[in-house]
Amino acid sequence: MKGTTMQFYTANTNGAGHVHPMLHEVFQKVFMKRPSLRYVATPDAVNSANEVYAFQIYDGVEFVGEIAWKRYRPGRTTLDEGKIMYQISSPFICKERSPRNTLLTTNTRSAVKTLLDEKVIRKREPSELIAKKIGEAKYMTDELVRKSRWGISARHSETDILKFILKVADGELPNLDDFPKIKASVTDDNRTAMANFEIATGIMEAVGKEQFYLVEYEIDESITAYSAITKEKIYQGNSTYELPSWVQSKLAMLKMIDKGQAIRNVGAKLDSERIVGPEVVYIVLDGEIPDLIE
């Protein structure tokens with residue numbers, strides 16, 4: 001079977017080479033009973049015979065594990081040490097003495113049995129996935145607030161601010177000429193920066209209360225939407241038409257701004273560079289669009 005291309009299951013070698021015959025045999029047998037699994041090649045995992053020996057495993061669109069046929073070198077003391085075997089990884093393989101959740105076997109039947117075991121090679125529970133997405137949203141909105149502070153330029157001291165506030169508290173109308181450093185901060189740029197900071201802070205508060213929708217666009221323009229309110233995935237496809245009309249309206253507005261920007265009462269277009277996965281991430285605040293002009 002050496003050099004055989006895959007015909008019995010959904011898979012992709014990314015042009016890296018042929019599937020290793022040991023993996024081909026496993027994939028073929030698994031396909032007969034679990035056709036929803038597909039395998040995406042690790043592009044740099046190619047041996048001298050141009051055979052791909054490592055794959056990521058997906059169930060539909062969700063990543064569920066990895067499989068490889070390669071030499072296992074626990075100590076890595078010499079290049080010749082270790083047996084060639086199946087190495088199957090999944091978050092749901094629990095091994096007490098291993099830092100990685102990886103099953104090792106030289107037996108093809110055992111490898112097939114593992115891939116067919118839906119308690120091991122399975123999708124994450126929706127609650128786990130949503131909790132992860134909400135956590136990422138909170139992280140990204142924290143970044144949004146932090147970066148919005150950078151635009152505020154103010155060189156006055158805390159003492160100057162306290163004196164100014166105390167005069168106001170005592171019913172006086174402070175003369176800005178008496179506070180030159182504070183006066184120097186009263187600029188159009190600072191007004192804009194402060195407005196952006198307040199909008200970002202409002203977005204962060206809504207995300208903290210989990211009153212939002214998270215909409216992810218992948219590089220292939222596929223769309224996934226999650227509700228932080230009901231804690232569920234509400235949509236996956238290639239169009240926003242099945243989303244509520246008010247979500248569509250807010251998304252249309254958010255698509256017009258740059259990453260790292262937000263619109264009051266609407267949401268934000270977040271910088272997703274520090275998380276793995278989506279190309280663009282939108283936070284859409286819950287509810288119909290109110291009067292946006294304040």
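**A walk through this predicted model**

1. Let's begin at one lysine. Setting aside neighbours within four places in sequence, Lys269 is in contact with Leu254, Lys255, Ile257, Asp258, Lys259, Gly260, Gln261, Val280, Val281 and Tyr282. Please keep in mind as you read that the model is predicted.

2. Where does Lys269 sit? Its place is in strand E13, which covers residues 267–270. Lys269 is buried yet has no salt bridge. The nearest side chain of opposite charge belongs to Asp258, 5.9 Å away, and a salt bridge would need the charged atoms within 4 Å. Asp258 is nonetheless among the residues in contact with Lys269.

3. Next, the strand alongside. E13 and E14 run antiparallel and are joined by four bridges. Within E14, Tyr282 is the bridge partner of Lys269, and Tyr282 also appears among the contacts of Lys269.

4. Strand E14 (residues 280–285) is worth a look of its own: six of its six residues are buried. Which residues point which way? Val280, Tyr282 and Val284 point one way from E14, while Val281, Ile283 and Leu285 point the other way. In a regular strand the side chains alternate between the two faces of the sheet.

5. E14 has another partner too. Strand E9 (residues 212–217) is joined to E14 by six bridges, and these two strands run antiparallel. Here Leu214 has Ile283 of E14 as its bridge partner.

6. Now for helix H1, residues 21–33. Why does its length make sense? At 1.5 Å a residue, its 13 residues should span 18 Å, and the end C-alpha atoms are 19 Å apart, which agrees. The buried residues in H1 include Pro21, Leu23, His24, Val26, Phe27 and Val30.

7. What is the largest nonpolar core made of? It has 22 residues, and those with the most contacts inside it are Val26, Phe55, Ile67 and Leu115. The elements giving two or more residues to this core are H1, strand E3 (37–41), strand E5 (54–59), strand E6 (62–71), strand E7 (84–89) and helix H2 (108–116). H1 gives the most, with four residues.

8. Ile67 offers a good view of this core. Apart from neighbours within four places in sequence, Ile67 is in contact with Leu23, Val26, Phe27, Tyr53, Ala54, Phe55, Ile57, Gln87, Ile88 and Leu115. A second, separate core of 21 residues includes Ile130, Ile203, Val207 and Leu214. Leu214 should look familiar: it is the residue whose bridge partner in E14 is Ile283.

Definitions and conventions:
Residues are numbered from 1 along each chain as its sequence is written. This is a predicted model: local features need pLDDT of at least 70, side-chain atom pairs count only at pLDDT 80 or more; totals for chains, interfaces and linings use all residues. Side-chain values use heavy atoms; hydrogens and water are left out. Buried means under 20% relative accessible area, exposed over 50%, partly exposed in between (1.4 Å probe, protein chains only). Lys and Arg count as positive and Asp and Glu as negative; His and the chain ends are not counted. Contact means heavy atoms within 4.5 Å. The expected span of a helix is 1.5 Å times one less than its number of residues. A nonpolar core is a set of buried Ala, Val, Leu, Ile, Met, Phe, Trp, Tyr and Cys residues joined through side-chain atoms within 4.5 Å. Two strands pair if DSSP finds at least two bridges between them.
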